[in-house]
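User: I have a model open and want its enclosed spaces checked. Let us go through them one by one.

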Amino acid sequence: HSEHTTRSEPDRYSILGGRWTCDVAVVGAGIVGLATARELILRHPSLNFILLEKEKELAAHQSGHNSGVIHSGIYYTPGSLKARLCVRGATLAYEYCEKKGLPYKRCGKLIVAVEQEEIPRLKALYERGMQNNVRDLSIIDGKEIREREPYCRGIMALDSPYTGIVDWRMVALRYGEDFEEAGGKVVTESEVDDISMVKESSAGSTEGMKYPIAVKDKKGNEIWCRYVLTCGGLYSDRLSQISGCSREPRIVPFRGDYLVLKPEKHYLVKGNIYPVPDPRFPFLGVHFTPRMDGSVWLGPNAVLAFKREGYKVYDFNARDFADALSFRGLQKLVMRNITYGIGEMYRGVFIGAQVKILQKYIPELSLSDVLRGPAGVRAQALDRDGNLVDDFVFDGGVGDVGSRVLHVRNAPSPAATSSLAIAEMVADEVESRFSL
């Protein structure tokens, strides 16, 4: 990114001793961190912002490993933050892509009922979507399903033409370009491992007074700043811990494995095809999702990942594993959903079991039509009672450090769709806590 960084005069950030100073350090350059850093610098062009990312690339984890759907906001409890952010976020996302010339497709989505008993739930979803002001929703019958999706069978479906697809990683990188063009500085390969007060002795009265917080990374770089915002995704709980804030809610990583359709079978699927969600299980169920590059993904299942950024079936990290298993909340979630969990692991290993479920929607699909595809890891926040935390969790604290740090502990899913709306909310929160 060297050509970007020269745009902002480098001396704006450096002080003696090769340390950087800034008004606000943002930790974590996933889609939420990037969108929020962008929003903040657009609101406060005279302040200095530095965005720190532990990987070489931006948007490397959840932001680059997801289904690529622009959700319309049907599922969420009317009036909840999740619902409002998703509906507003989708509108903002389409506007943003238009304005920046980023490719997207408004290919629509059908939520398909294949059993009679799913119909009441489908109708309830329609009511929900209407209360959430989702655009252009309608209920269609089996004949209309076939008009939209010739190979899909179902008895009734909820049709959401406003749902679309986009490459979220490309969107996130564009947020990053906006941030840099506005004068922000992005530092990659900087894994933060300490957030504390600048020590009196090294402070040199004025700098230390003005920039009281020191953010250090594993390479020994230090950034002195007035305030810190963390958007750590899969590591949000650990970032909170190192600044002396709470460990709860804990992040438990779930891996979602996708299958992909062989190219000669892409004709089977036109838009997104989703099942009617089953309220007994914590995840949405497997679905068909066309991608911007023309491929079609099927999935994902949801299995406990044994590593926070483990995208392969056998990835394992002892600390992440021990962390997850020793957490009461996870033990409770597992006990409540044990049969579902074992089924998910079984489906992850035996593709045939997953194909069987998909065949309920597209009977022509056969085992030989699919290949193992990519995987994503989802940072699922859990409280100690084993409940999946759904809404925003902001965390700061008391004391010298705590009062200058704001952690985004959980950003409501679907966070990519909602990213520009989430950024407005996080920026409001930053402004109210820190009187910028």
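User: How much space lies in the largest cavity?

Analyst: This is a predicted model: local features need pLDDT of at least 70, side-chain atom pairs count only at pLDDT 80 or more, and totals for chains, interfaces and linings use all residues. Residues are numbered from 1 along each chain as its sequence is written, and side-chain values use heavy atoms, with hydrogens and water left out. A cavity is a set of points, on a 1 Å grid over the protein atoms alone, where a 1.4 Å probe fits but cannot get out. Its volume is the space filled by probe spheres set on the points, joined across faces, edges and corners, and for the largest cavity that gives about 40 Å³.

User: Which residues line the largest cavity, and how do they divide by class?

Analyst: Lining residues have an atom within 4 Å of a point. They are His71, Ser72, Gly73, Ile74, Tyr75, Tyr76, Lys109 and Thr163. Ala, Val, Leu, Ile, Met, Phe, Trp, Tyr, Cys and Pro count as nonpolar, Asp, Glu, Lys and Arg as charged, and the others, Gly among them, as polar. The split is 3 nonpolar, 4 polar and 1 charged.

User: Is Gly73 buried or exposed?

Analyst: Gly73 sits in the loop between strand E3 (69-70) and helix H3 (81-100). Helices (H or I, at least four residues) and strands (E, at least two) are DSSP runs, numbered from the N terminus. Buried means under 20% relative accessible area, exposed over 50%, partly exposed in between (1.4 Å probe, protein chains only). Gly73 has 2% relative accessibility, so the verdict is buried.

User: Which residues does Gly73 touch, beyond those up to four places away in sequence?

Analyst: Contact means heavy atoms within 4.5 Å. One partner, Val134, is 61 residues away in sequence, with a C-alpha to C-alpha distance of 6.3 Å. The contacts are Cys86, Val87, Asn132 and Val134.

User: Which strand gives the largest share of the lining of the second largest cavity?

Analyst: That cavity holds about 30 Å³. Its lining is Leu52, Ser190, Val192, Val215, Lys216, Asp217, Asn221, Glu222 and Ile223, or 4 nonpolar, 2 polar and 3 charged. Strands E11 (213-217) and E12 (222-230) each supply at least two of these residues. The largest share, 3 residues, comes from E11.

User: What percentage of the protein chain's residues is buried?

Analyst: The chain has 15 helices and 20 strands. Of its 436 residues, the buried share is 55%.

Methods
1 Å grid on protein atoms, 1.4 Å probe; cavity = no way out; pocket = protein on both sides within 12 Å on 5 of 7 lines; lining within 4 Å.
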